[in-house]
Amino acid sequence: MSERMALNILDNPRHLARLITMIERQDPARIEVLKALHDKTGKAHVVGITGPPGSGKSTLTDKIIGELRNRGRRVAVVAIDPSSPFTGGAILGDRIRMMRHATDEGVFIRSLASRGHLGGLSRAAAETVRALDAAAYDTVIIETVGVGQSEIDIVRCADTVVLVAVPGLGDDIQAIKAGVMEIGDIFCVNKADRDGAERVVRETRAMMETAIMNGANTRFSGLYKAVYEHTVQQARLRGENVQEDPHGGALRIPPVLLTIAEQGEGVSVLVDEILAHHAMLSDTEWLLKHRHENTMWELRNAVADNLLGWLDNANAHSQLANAAEAVLHKDTDYYQALAQVQEGIIAAGLRLVSD
Amino acid sequence: MEQKIRVLVAKPGLDGHDRGAKVVARAFRDAGMEVIYTGLRQTPEQIVNAALQEDVDVVAMSILSGAHNHLFPRVMELLREKNMDDVLVIGGGVIPDEDIPGLKAAGIAEIFTPGTATGTTIEFIKNNLKRKA
């Protein structure tokens with residue numbers, strides 16, 4: 001089944017849909033299929049759309065799909081909504097805004113429930129993106145759950161992150177708090193027909209300009225320096241005069257755009273910027289650099305997940321139980337117990353690896 | 001392996017009454033299911049394509065316009081065309097008793113008319129899934 005499935009997902013969306021279900025269920029059989037697909041991955045441009053609940057991410061995604069289709073691209077969407085922490089159920093409603101694309105062969109939309117995963121994505125997100133990438137979608141959009149101030153998993157999964165903001169969510173101290181604001185490659189102030197949109201734009205720009213002045217290590221400054229060098233080099237190759245920037249691109253800040261997604265206003269410019277960001281990444285070393293970091297992160301998390309799974313099963317349970325008892329009976333102190341448990345676990349873990 | 005029942009709740013046809021569909025969607029969620037809600041006025045083609053991409057175990061349709069004798073069988077036909085025979089399909093809404101045998105013959109597993117307790121529908125789904133969830 002799996003080899004055939006791997007070959008089939010290119011032209012059979014049902015197999016693709018099934019594979020994603022296997023990924024969601026963490027079905028071990030998915031691994032053979034994903035292995036067989038590995039060579040086909042790495043071509044898609046992965047775009048993250050993130051922002052607070054109600055900021056218009058789904059409507060914006062719907063309009064972005066339309067614009068990318070007009071430009072001849074095949075588009076896949078992974079739309080993530082939260083699972084109920086009490087029942088494990090979920091209402092996945094992002095798709096409502098995108099139903100006009102339901103019969104378009106060049107669009108594939110899949111809703112995922114977060115299933116208890118914090119961070120704004122689902123545990124299945126990264127593998128799902130790879131499956132869609134292998135199925136030859138040119139752009140894979142990930143719409144995160146509505147985020148607050150710390151759900152930044154999306155930067156580990158996407159090449160380009162669009163941060164959607166809306167007017168009226170708070171004063172400028174919200175904008176200078178660390179967290180979600182720092183992860184955007186493109187900023188989009190949606191519902192721009194509302195009062196205060198221009199102010200959000202000003203505050204967002206001011207925040208980034210201040211970060212540069214303070215010498216903060218921002219996500220964008222390295223890319224912009226590399227882009228500047230690339231542009232200068234290309235111009236010299238063509239024998240053109242170059243307008244030198246004494247700061248070497250270091251003062252450039254990401255675009256801050258106004259959109260009214262409901263009416264499609266500003267979406268064409270937003271898509272221009274999304275594609276331009278991809279071009280900047282591809283022209284420099286930064287696409288590979290990002291993906292290398294992201295793969296390292298994913299490997300690290302997979303190891304941590306496996307260790308945690310192993311800790312939770314019976315192997316480690318008795319060690320933890322004994323250590324807890326020793327602490328409670330004052331046979332040992334907490335830190336000595338911890339050190340002993342860790343030693344035991346590392347030894348057992350090494351045996352596990354060598355087996 | 002973590003397995004969840006995935007249900008597409010859809011409103012085919014032109015009526016704008018989705019209160020029942022939303023109540024049912026919430027009940028399914030509270031029963032631990034993952035519910036993909038498609039919104040109002042969907043064509044059978046849109047519903048079936050969404051069901052395919054979302055790889056759902058169940059399609060639950062609600063209709064109050066009276067067009068069920070046309071739209072429900074059309075959804076079944078499209079599902080068969082795409083070899084999606086393993087999807088459980090149920091219907092609800094204002095549907096006269098005399099229409100129910102014909103809809104069942106077309107492949108709708110059960111019809112739930114107004115007044116049905118949501119628990120009844122949930123039990124039916126759990127007992128009649130065609131795919132092992």
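A salt bridge is taken here as a side-chain nitrogen of Lys or Arg within 4 Å of a carboxyl oxygen of Asp or Glu. The model is predicted, so local features need pLDDT of at least 70 and side-chain atom pairs count only at pLDDT 80 or more, whereas totals for chains, interfaces and linings use all residues. Residues are numbered from 1 along each chain as its sequence is written, chains are lettered from A and ligands numbered from 1 in the order in which they are written, and side-chain values use heavy atoms, with hydrogens and water left out.

**Stop 1: the interface**

Select B:R6 and A:E24. These two residues form a salt bridge, with 3.3 Å between the closest N and O atoms. Seven salt bridges are found across the interface of chain B and chain A.

Next, display the helices (H or I, at least four residues) and strands (E, at least two), which are DSSP runs numbered from the N terminus. On the side of chain B that touches chain A, helix 1 (19–30), strand 2 (34–37) and helix 2 (44–54) of chain B each give two or more residues. Helix 2 of chain B gives the most, with seven residues.

Widen the selection to the whole interface. Here 34 residues of chain B are in contact (heavy atoms within 4.5 Å) with 30 residues of chain A. The buried area, meaning the accessible area (1.4 Å probe) that two parts lose on being put together, summed over both, is about 2,700 Å² between chain B and chain A. Carbon and sulfur atoms give 49% of that area.

**Stop 2: strands across the chains**

Select strand 3 (residues 90–92) of chain A together with strand 2 of chain B. The two strands run parallel and are joined by three bridges; strands count as paired if DSSP finds at least two bridges between them. Within this pair, A:I91 stands opposite B:V35.

**Stop 3: strand 5 of chain A**

Move to residues 139–143 of chain A. Five of the five residues of this strand are buried (under 20% relative accessible area, 1.4 Å probe, protein chains only), so strand 5 is largely enclosed by the rest of the structure. One side carries A:T139, A:I141 and A:E143, the other A:V140 and A:I142, and all are buried.

Now add the neighbouring strands. Strand 1 (residues 45–50) of chain A pairs with strand 5 of chain A in the parallel sense over five bridges, and A:I49 stands opposite A:E143. Strand 2 (residues 75–81) of chain A also pairs with strand 5 of chain A in the parallel sense, over five bridges. In that pairing, A:V78 stands opposite A:I142.

Key
Buried means under 20% relative accessible area, exposed over 50%, partly exposed in between (1.4 Å probe, protein chains only).
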